[in-house]
Amino acid sequence: MAMAQKLCGAATLTRGTEAPMHDLNTTPLIDVMLCLLVMMILSIPAQTHSVKVELPFGGENLEILPINTITITRDGVVLWNAAPVTYAQLQRNLGTAQAMLPSPELQFEPDAEARYVIVDTVLAMIRRSGAENMGFVGNEAYAREF
């Protein structure tokens, strides 16, 4: 028997050298972690980066909407179609514009240096007025800054 163990290269332990195994078998742990990772990846819904746009049909009967612009300068001055207005005048102009049929397009163009509080106040006024056709103008100039 001793000869067979020597030929096979099997190590024999004597009674005095039996010690607990120091190496931990991590293969089952890694297998479980990989399975959990695959299940988590499969359970996350795929993100769709699309914006739904309702395009008009036809080409000759399209009506060109009037355009109103609200600009905020870096000094905090609010302009309605290039004329300075107060918040009360802006609210009145927004209400008048939304009462028109069809409601005119509203273009919002704040300066990059304008205070956030002023921009937020004007945006809240626009939202409260119920503006349906609104767009941000000039954002493409800041696309590479951030």
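The lining of the largest cavity divides into five nonpolar residues, two polar ones and one charged one. This is a predicted model, so keep in mind as you explore that the cavity belongs to a prediction. About 30 Å³ of space lies inside that cavity, and beside it you can trace an open sheet of five strands.

**The cavity**

- The count of cavities of 30 Å³ or more comes to one.
- To find the largest cavity in the structure, look for its lining residues: Asn-68, Trp-80, Leu-94, Ala-97, Gln-98, Pro-104, Glu-105 and Leu-106.
- Which element gives the most to this lining? Helix α3 does, with three residues.
- Both α3 and β4 supply at least two residues each to the lining of the largest cavity.

**The sheet and its order**

- Strands of a sheet pair through backbone hydrogen bonds, and the pairing can be parallel or antiparallel.
- Here the five strands stand in the order β3-β2-β1-β4-β5, and their pairing is mixed.
- Which strands form the edges? They are β3 (83–84) and β5, each of which pairs on one side only.

**Who pairs with whom**

- Strand β1 (residues 67–72) and strand β4 (residues 105–110) run parallel to each other and are joined by six bridges.
- Strand β2 (residues 78–80) runs antiparallel to β1, with three bridges between them.
- Ile-72 is a handy residue to click on: its bridge partner in β4 is Pro-110, while its bridge partner in β2 is Val-78.
- Three bridges link β4 with strand β5 (residues 134–136), and this pairing is parallel.
- Within that β4 and β5 pairing, Leu-106 has Met-134 as its bridge partner in β5.
- Between β4 and β5 the chain passes through helix α4 (residues 116–129), making a β-α-β crossover that is right-handed.

**Helices on the sheet**

- What does helix α3 touch? Helix α3 (residues 87–99) packs on the sheet and touches β1, β2, β3 and β4.
- The direction of α3 makes about 30° with that of β2.
- Helix α4 packs on the sheet too, touching β1, β2, β4 and β5.
- The direction of α4 makes about 170° with that of β4.

**Tying it together**

- Leu-106 turns up twice: in the lining of the largest cavity and as the partner of Met-134.
- Helix α3 also has two roles to look for, since it packs on the sheet and gives three residues to the cavity lining.

How values were computed:
Residues are numbered from 1 along each chain as its sequence is written. This is a predicted model: local features need pLDDT of at least 70, side-chain atom pairs count only at pLDDT 80 or more; totals for chains, interfaces and linings use all residues. Side-chain values use heavy atoms; hydrogens and water are left out. Two strands pair if DSSP finds at least two bridges between them. Helices (H or I, at least four residues) and strands (E, at least two) are DSSP runs, numbered from the N terminus. A crossover is right-handed if, with the strands pointing away from the viewer, the path from the first strand over the helix to the second runs clockwise. Contact means heavy atoms within 4.5 Å. Axes are lines fitted to C-alpha atoms, for helices over the stretch in contact, and angles run from 0 to 180 degrees between N-to-C directions. On a 1 Å grid over the protein atoms alone, a cavity is a set of points where a 1.4 Å probe fits but cannot get out, and a pocket is an open set with protein on both sides within 12 Å along at least five of seven lines; lining residues have an atom within 4 Å of a point. Grid points are joined across faces, edges and corners, and a volume is the space filled by probe spheres set on the points. Ala, Val, Leu, Ile, Met, Phe, Trp, Tyr, Cys and Pro count as nonpolar, Asp, Glu, Lys and Arg as charged, and the others, Gly among them, as polar.
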